[in-house]
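I opened this entry to look up the charged pairs first and the nonpolar packing after that.

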Amino acid sequence: MSKPTLLILAAGMASRYGSMKQIDPFGPNGETIIDYSIYDAIRAGFGKVSFIIREEFADKFKSIFEPKLAGKIETDYVFQRYDLTPFGINREIERSKPWGTAHAVLSARNQINEPFCVINADDFYGYEAFEKMAKFLSDEVADDKFSLMGYQIDKTLSEHGSVSRGVCKVDDNGNMTEINERLKVYFKEVDGEKRIFFEEDGVETELPQSSRVSMNFWGFTPAIFGVSEELFKAFVPANEDNPKSEFLIPKVADELIKQGKARFKVIPTSQKWFGVTYPEDKPIVQENIAQLVKDGVYPEKLF
């Protein structure tokens, strides 16, 4: 059986961060967050890394990653484009940002033929998550059985503003029954206690601190491409007048569960997530990585 592939979502606009955080240095020798994900993936047994990027970033990405990864893991590049004709949609729709994470994954449909996982470029997931995902992709994954890493919500939020989180409902068998994309999740102090809320349509709702959330760390077989494409073909005409609409992985997962086409195993992890959404997050990420290096979790120079 072929080794699984790591698919990295790196085509985002990073509008709240203000620069290309995908290649921003965070480690002691200028390592990006992506570098730590790839390092952990290699240790966990992944055989290839595919970067989903905008085509204009290709030369920059290759100059950064090819020298350090040569001989360590196979590399590949996938371009997320605005062109909809490959999906049989023969009209142009004006947009200022890509169509979303599930569309980004669809961009790889002609380049991946083995089980794979999807992660964000700007999130630090930790080795435990890659180890558990590699095991799932080797031993359990099927065309109707996918997975996601389930992080505890209070270990995933920023101190500097709201974030988007896919909040999961999980049954007694560890399978997701529902996932709701909450676009504005944040800490709030109530009576001297830090609690978690999300806001939707001006209404504020509290979330339990034990809630499991998706940090966009998903496990699939190539079967996901066919079912996602059908959903995307329906999504575009329904949202062509909404330039901010996004075709997101949690929306696809939720629809497949409702239709009974796939199960999603929620793989729990105790790992503390950290990442960059706002510029103020950068020194916190740098401090976290520096501590992990000091503790011997990672070498001072990764590659």
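For the charged pairs I take a salt bridge as a side-chain nitrogen of Lys or Arg within 4 Å of a carboxyl oxygen of Asp or Glu. The model is predicted.

Entry 1, salt bridges. I asked how many salt bridges the structure holds. The count is 19.

I looked up Lys 68 and found it paired with Asp 35, with 3.0 Å between the closest N and O atoms. Lys 68 sits in helix H2 (residues 58-69) and Asp 35 in helix H1 (residues 33-44), so this pair ties together parts 33 residues apart in sequence. I then checked whether each partner is buried or exposed. Asp 35 has a relative accessible area of 0% and is buried. Lys 68, at 22%, counts as partly exposed, because the buried class ends under 20%.

Next I took Glu 114 and Lys 48, whose side chains meet in a salt bridge at 3.7 Å, N to O. Glu 114 is in the loop between helix H3 (101-106) and strand S4 (116-120), while Lys 48 is in strand S2 (residues 48-53); the pair links distant parts of the chain, 66 residues apart. Glu 114 is buried at a relative accessible area of 12%, and Lys 48 is buried at 10%.

The third pair I noted is Glu 55 with Arg 81, the closest N and O atoms being 3.1 Å apart. Glu 55 lies in the loop between S2 and H2, and Arg 81 in the loop between strand S3 (74-79) and H3, so parts 26 residues apart in sequence are tied together. Glu 55 is partly exposed, with a relative accessible area of 44%. Arg 81 is partly exposed, also with 44%.

I also asked which residues are linked in a network of salt bridges. Arg 109, Glu 229, Glu 230 and Lys 233 are linked in this way.

Entry 2, nonpolar packing. I looked up which members of the largest nonpolar core touch the most other members. In this core of 45 residues they are Leu 6, Ile 8, Ile 38, Phe 46, Phe 51, Phe 61 and Phe 217. Helix H4 (residues 127-139) gives the most to the core, with 6 residues.

I listed the contacts of Ile 8, leaving out residues up to four places away in sequence. Ile 8 touches Ile 34, Ile 38, Val 49, Ser 50, Phe 51, Ile 52, Ile 119, Asn 120 and Ala 121. Apart from the largest core lies another core, of 40 residues, including Ile 112, Leu 231, Phe 235 and Ala 262.

Methods
Residues numbered from 1 in each chain as written. Predicted model: local features only at pLDDT ≥ 70, side-chain atom pairs only at ≥ 80, totals over all residues. Heavy atoms only, no water. Core = buried A, V, L, I, M, F, W, Y, C linked by side-chain atoms within 4.5 Å. Buried < 20%, exposed > 50% of the residue type's maximum accessible area, 1.4 Å probe, protein only. Helix = DSSP H or I, 4+ residues; strand = E, 2+ residues; numbered from the N terminus. Contact = heavy atoms within 4.5 Å.
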